[in-house]
Amino acid sequence: MNAKLGAQPLRLRSAEWLLVIYFGYIGAIAPRFPLETRLSWRPFLVEVLVCVLFLALAYGESSEHVKLFSIMRDWVSVALILLAYREMDWFSALPRNFDLELRWVEWDRTILCHWGLQRAIESLGAVGPMFLELCYLLVYAVAPFVVAVLYFQHRRARVNGAVFLYLLGTLLAYALFPYFPSDPPRVAFGISDMPNIMTPIRQLNLWLVSDFGIHSSVFPSAHVSSAFSAAWALFAFLPERKRYGWGMLIYSVSVAVATVYGRYHYAADTVAGMAVSLVPGFTILLARPLRLRGLLGLP
């Protein structure tokens, strides 16, 4: 990935390298799966286009428009999360037998009904359900929020490392989707165990996941893994403003509850998503002994 413009080498950022590796991984495993319309060449095309895009941005940053291209690189890695997400829909044709879902839904019924979680959430009427649905909706804005916070705190130099950690937790979840083809409980079991309260925000969420969601897998929950990864990133890259990390952590717990209550995910997906987020968490803890502080740009 290194080229040269005069004496200036073109270097990819760690977040960009992570995306290159991820899209390359998808291209490598694609032939093993019956992709929709069997166009297994598409992931390879995506990999090539992503590499070209990153090299073009690196080239631009080494020109006289340094600041413009540098800012663009902050946001392009965030924008490519949507591409990584949509790419997973190519694996929607994988066969499934619902063995996993039948086991998972029993655990959910224990948590929601026997342990009283659904009753507790709905005890104040629409307030609890509306709050949880709003948390679920705002997951799509978590990555831009993290970057914006670092900008606001005049810590733009730390954006790459924070985005790297966020991407690590998110892409690891996506990488597992092809191996666990599954449908969400609202699809696999219809109206069974659905929330008793319908709010406008829930209607919006259902429209989004129905018309713009993917149908390859729900295990592990990338909503949960990405939210928790964002919390670890804020703790690591804004240690002087821990309120942002704590706020994101509280929000992440709310997202985890929302995914189960709203029947967007099973509790098993949520727990698995939390487990995946521990990878970027342990990456932070091991950064010093493994001499990765420079790679991550940790303060």
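In this predicted model, Cys113 sits in the middle ground: its relative accessibility comes to 37%, so this cysteine counts as partly exposed. Cys135 is a different story, because a relative accessibility of just 4% puts this residue in the buried class, under the 20% cut-off. How many disulfides turn up? A disulfide is a covalent bond between the sulfur atoms of two cysteines. The count here is 0.

Cys113 also shows up in the surroundings of Asp108. That aspartate belongs to helix H4, which covers residues 99-114. Is Asp108 buried or exposed? With a relative accessible area of 0%, Asp108 is buried. Setting aside neighbours within four places in sequence, the contacts of Asp108 are Cys113, Arg263, His265, Tyr266 and Ala267.

Next comes the empty space. Rolling a probe the size of a water molecule over the atoms shows where such space is left. The largest pocket takes up about 740 Å³. Its lining is made up of 34 residues, and those closest to the centre are Tyr85, Tyr140, Tyr174, Gly213 and His223. Several helices chip in two or more lining residues each: H3 (66-87), H7 (142-152), H8 (159-176), H9 (185-188), H10 (200-211) and H11 (222-237). Which element gives the largest share of the lining? That would be H3, with 6 residues. As for chemical character, the lining of the largest pocket splits into 22 nonpolar, 9 polar and 3 charged residues.

Definitions and conventions:
Residues numbered from 1 in each chain as written. Predicted model: local features only at pLDDT ≥ 70, side-chain atom pairs only at ≥ 80, totals over all residues. Heavy atoms only, no water. 1 Å grid on protein atoms, 1.4 Å probe; cavity = no way out; pocket = protein on both sides within 12 Å on 5 of 7 lines; lining within 4 Å. Points joined across faces, edges and corners; volume = space filled by probe spheres on them. Helix = DSSP H or I, 4+ residues; strand = E, 2+ residues; numbered from the N terminus. Nonpolar A, V, L, I, M, F, W, Y, C, P; charged D, E, K, R; others polar. Disulfide = S-S within 2.5 Å. Buried < 20%, exposed > 50% of the residue type's maximum accessible area, 1.4 Å probe, protein only. Contact = heavy atoms within 4.5 Å.
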